[in-house]
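Colleague: I am new to reading protein models. Could you take me through one, feature by feature?
Modeller: Gladly. Ask about one feature at a time.

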Amino acid sequence: MTSPQVEGCGAEAAGVVVTCRPRPEDGNAPWFYTNWQGPIAPIDNVTDAVVAIRGYLARPGET
């Protein structure tokens with residue numbers, strides 16, 4: 001999502017859409033996933049998810 005009215009939030013801004021869904025490889029436990037379908041972390045491991053998302057945001061354009 002971009003907002004031209006907010007500094008640093010234009011088309012060049014990095015972004016990650018995070019969803020939650022079952023992960024079959026982990027017995028269908030709920031996991032956070034990126035918008036390009038990459039698993040991030042189980043939902044009960046928010047710290048690892050935040051670290052991963054911050055990493056994605058620090059490297060826009062890399063997946």
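Colleague: Let me start with a single residue. Is Tyr33 buried or exposed?
Modeller: First, a caution: this is a predicted model. Now the idea. A residue is called buried when its relative accessible area is under 20%. Tyr33 has a relative accessible area of 4%, so Tyr33 is buried.

Colleague: Where does Tyr33 sit, and what does Tyr33 touch?
Modeller: Tyr33 lies in strand E2. To read contacts, set aside residues up to four places away in sequence. Tyr33 then touches Val17, Val18, Thr19, Arg21, Pro22, Arg23, Gly38, Pro39 and Ile40. Look at Pro22 in that list. Pro22 and Tyr33 are eleven residues apart along the chain, and their C-alpha atoms are separated by 9.6 Å.

Colleague: What about Thr34: buried or exposed?
Modeller: Thr34 has 1% relative accessibility, so Thr34 counts as buried. Thr34 is found in the loop between strand E2 (29-33) and strand E3 (39-42). Leaving aside neighbours within four places in sequence, Thr34 is in contact with Val16, Val17, Ile40 and Tyr56.

Colleague: Let me step back. Which elements does the chain have, and in what order?
Modeller: The protein chain has one helix and three strands. Read from the N terminus, the elements run β-β-β-α.

Colleague: How are the strands arranged?
Modeller: Ask which strand pairs with which, and in what sense. Here three strands form an open sheet in the order E1-E2-E3, with antiparallel pairing. E1 and E3 are the edge strands, each pairing on one side only. Neighbouring strands of this sheet are turned by 40° against each other on average, direction ignored.

Colleague: How many bridges join E1 and E2?
Modeller: Strand E1 (residues 19-23) pairs with E2 over five bridges, in the antiparallel sense. Find Pro22 and look across: Pro30 in E2 stands opposite.

Colleague: And how many join E2 and E3?
Modeller: E2 and E3 pair over three bridges, again in the antiparallel sense. Two partners are worth finding on screen. Phe32 stands opposite Ala41 in E3. Trp31 has Pro42 in E3 as its bridge partner.

Colleague: Which way do side chains point along a strand?
Modeller: In a regular strand the side chains alternate between the two faces of the sheet.

Colleague: How do I read the hairpins? Which residue takes a positive phi in each?
Modeller: Count the residues between the strands, then check the backbone angles. The hairpin of E1 and E2 has five residues between the strands, and Gly27 there takes a positive phi near 65°. The hairpin of E2 and E3 also has five residues between the strands. There Gln37 takes a positive phi near 70°.

Colleague: Asn28 caught my eye. Where is Asn28 placed?
Modeller: Asn28 is in the loop between E1 and E2. At 47% relative accessibility, Asn28 counts as partly exposed. Not counting residues up to four places away in sequence, Asn28 touches Pro22 and Arg23.

Colleague: How many salt bridges are there?
Modeller: Look for oppositely paired side-chain atoms: a nitrogen of Lys or Arg, and a carboxyl oxygen of Asp or Glu. A search of the whole structure finds one salt bridge. The side chains of Arg23 and Glu25 meet in it, at 3.3 Å, N to O. Glu25 has a relative accessible area of 64%, so Glu25 is exposed.

Colleague: Where does the helix lie?
Modeller: Helix H1 (residues 46-58) lies across E2 and E3. H1 runs at about 160° to E3.

Colleague: Which residues form the largest nonpolar core?
Modeller: The largest nonpolar core has five residues: Phe32, Ile40, Ala41, Ala49 and Ile53. E3 and H1 are the elements that give two or more residues to this core. Take Ile53 as one case. Leaving aside neighbours within four places in sequence, Ile53 is in contact with Val18 and Ile40.

Colleague: Last, the whole chain. How much of the chain is buried, and how much area does the chain expose?
Modeller: Buried residues make up 21% of the 63 residues. The chain exposes about 4600 Å², and carbon and sulfur atoms supply 55% of that area. Now take contacts with a separation of 6 or more: residues 24 or more positions apart account for 10% of them.

Terms used: Residues numbered from 1 in each chain as written. Predicted model: local features only at pLDDT ≥ 70, side-chain atom pairs only at ≥ 80, totals over all residues. Heavy atoms only, no water. Helix = DSSP H or I, 4+ residues; strand = E, 2+ residues; numbered from the N terminus. Buried < 20%, exposed > 50% of the residue type's maximum accessible area, 1.4 Å probe, protein only. Contact = heavy atoms within 4.5 Å. Pairing = 2+ DSSP bridges. Axes fitted to C-alpha atoms, helices over the stretch in contact; angles between N-to-C directions. Salt bridge = Lys/Arg side-chain N within 4 Å of Asp/Glu carboxyl O. Areas by Shrake-Rupley, 256 points an atom, 1.4 Å probe, with all protein chains shown as cover. Core = buried A, V, L, I, M, F, W, Y, C linked by side-chain atoms within 4.5 Å.
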